[in-house]
Structures are given as C-alpha cells and as structure tokens.
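Got your viewer open? Let's take a walk through this protein, one selection at a time.

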Amino acid sequence: MSDPKPGQDSPETGDDAPSLAVPSRRQLLMGGAAAASAIVSIRPALANTAASVLNCTIPVPDQGRAGNFIAPNGQLVPAGTPGAYPGTGRSFTGEQVKQALRGRPLPGTGYEQNQAYLNYIRRLQRGTSGFTCYASLQMPR
C-alpha cells in the first residue's frame, strides 16, 4: 500500500469518520463566560429561596379548622376539650417555627402549649395550609 498524499482520504478516515475537532481558545473562553454567568444568576435565586422559606407562614390551625383546639399530641379536637389548647388565630413564620424546632418557644406560648403547637406542625399533611412551608424547613441547605 502506498501512503496517502495530502488532500487524499486514507481508508481509515473516510467521509464516515467522526470529526474530532479541538475547540479553539475563543470557544473555551465563551463557554467559561456562559458558565460564570449561570452561576451569578443562580446564586441570588438560591438566596431568595432561602429567604422566602423563612418568611413563609404556618397557621395553627389552618383556616378550615380554626374552631378546633389542639391536643398535646398535635391532633385537632373539638373546642372545649380538656387539656387541649385553642388555636392561635395567627400564623407563625418559617423563621419562628425553625427556631422553635431548635428549642426556642413560639411567640406568645407557654411550654406545654408550644409543644402542642409544634406537634400539630409536625403532623401537617400534604394539602394542609402550612405544609409546604414546614416541608421546606426540613430541606437541607
């Protein structure tokens, strides 16, 4: 066999062979600039998400069950049930709940009432007002 001459295709590198083009320096720099731009735009979005999690609210109990009391185990019980606590009539922020889960009391509550409210919050189910806020507090950062 003879060696291929310049401009002549060799049998190994015909038209069907994949092109292994090496990116130019300019292409690499443009790719790096795009990646840096993505990082700059993603970081503020993550910071805004963290801030919104702490500002979300959890009603105790939600408006649909506002007439009920909260038992020490966190279950909703009929109003006037002995040993149960009336709802707060207000919502707690994600930051207040996060601090309470770490040992600080919820604003305006005594120890046992605080524990009942926290048990209620821990029992929140999907579709209940405040569930998304509580679930987002559980996400690692």
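Is Asp62 buried or exposed? Select Asp62 and look: with a relative accessible area of 10%, Asp62 is buried, where buried means under 20% relative accessible area, exposed means over 50%, and partly exposed is in between (1.4 Å probe, protein chains only).

Before going on, some ground rules. This is a predicted model, in which local features need pLDDT of at least 70, side-chain atom pairs count only at pLDDT 80 or more, and totals for chains, interfaces and linings use all residues. Residues are numbered from 1 along each chain as its sequence is written, and side-chain values use heavy atoms, with hydrogens and water left out.

**Stop 1: the whole protein**

Switch to cartoon view. You should find 4 helices and 5 strands; helices (H or I, at least four residues) and strands (E, at least two) are DSSP runs, numbered from the N terminus. Follow the chain along the sequence and the pattern reads α-β-β-β-β-β-α-α-α. Of the 141 residues, 24% are buried. Now turn on the surface: its accessible area is about 10000 Å², and carbon and sulfur atoms account for 56% of that (Shrake-Rupley method, 1.4 Å probe; for residues, only the protein chains shown count as cover).

**Stop 2: around Asp62**

Go back to Asp62, which sits in the loop between strand E1 (57-59) and strand E2 (69-70). Which residues is Asp62 in contact with, leaving aside neighbours within four places in sequence? Show Tyr120, Thr128 and Ser129; contact here means heavy atoms within 4.5 Å.

Pro61 is in that loop between E1 and E2 too. Zoom in on the peptide bond joining Val60 and Pro61: this bond is cis, with omega about -15°.

Next, select Gly89, in the loop between strand E4 (85-86) and strand E5 (91-93). Gly89 and Asp62 are 27 residues apart along the chain, and 9.0 Å separates their C-alpha atoms. Gly89 counts as exposed because its relative accessibility is 81%.

**Stop 3: H2 meets H4**

Colour helix H2 (residues 94-101) and helix H4 (residues 131-138). They pack at an angle of about 50°, with their axes 10 Å apart. The axes are lines fitted to C-alpha atoms, for helices over the stretch in contact, and angles run from 0 to 180 degrees between N-to-C directions. H2 and H4 are therefore oblique to each other: under 35 degrees counts as roughly parallel, over 145 as roughly antiparallel, 65 to 115 as roughly perpendicular, and the rest as oblique.

To see the contact, show Gly94, Val97, Lys98 and Leu101 of H2 with Cys133, Tyr134, Leu137 and Gln138 of H4.

Keep Cys133 selected for a moment. Cys133 is in H4 and, at 5% relative accessibility, counts as buried. Add Thr93: the pair is 40 residues apart in sequence, yet 8.8 Å apart from C-alpha to C-alpha.

**Stop 4: H2 meets H3**

Hide H4 and bring up helix H3 (residues 111-122). How do H2 and H3 lie relative to each other? Their axes cross at roughly 110° and come within 11 Å, so H2 and H3 are roughly perpendicular. Select Val97, Ala100 and Leu101 of H2, then Asn114, Leu118, Ile121 and Arg122 of H3, to display the residues that make this contact.
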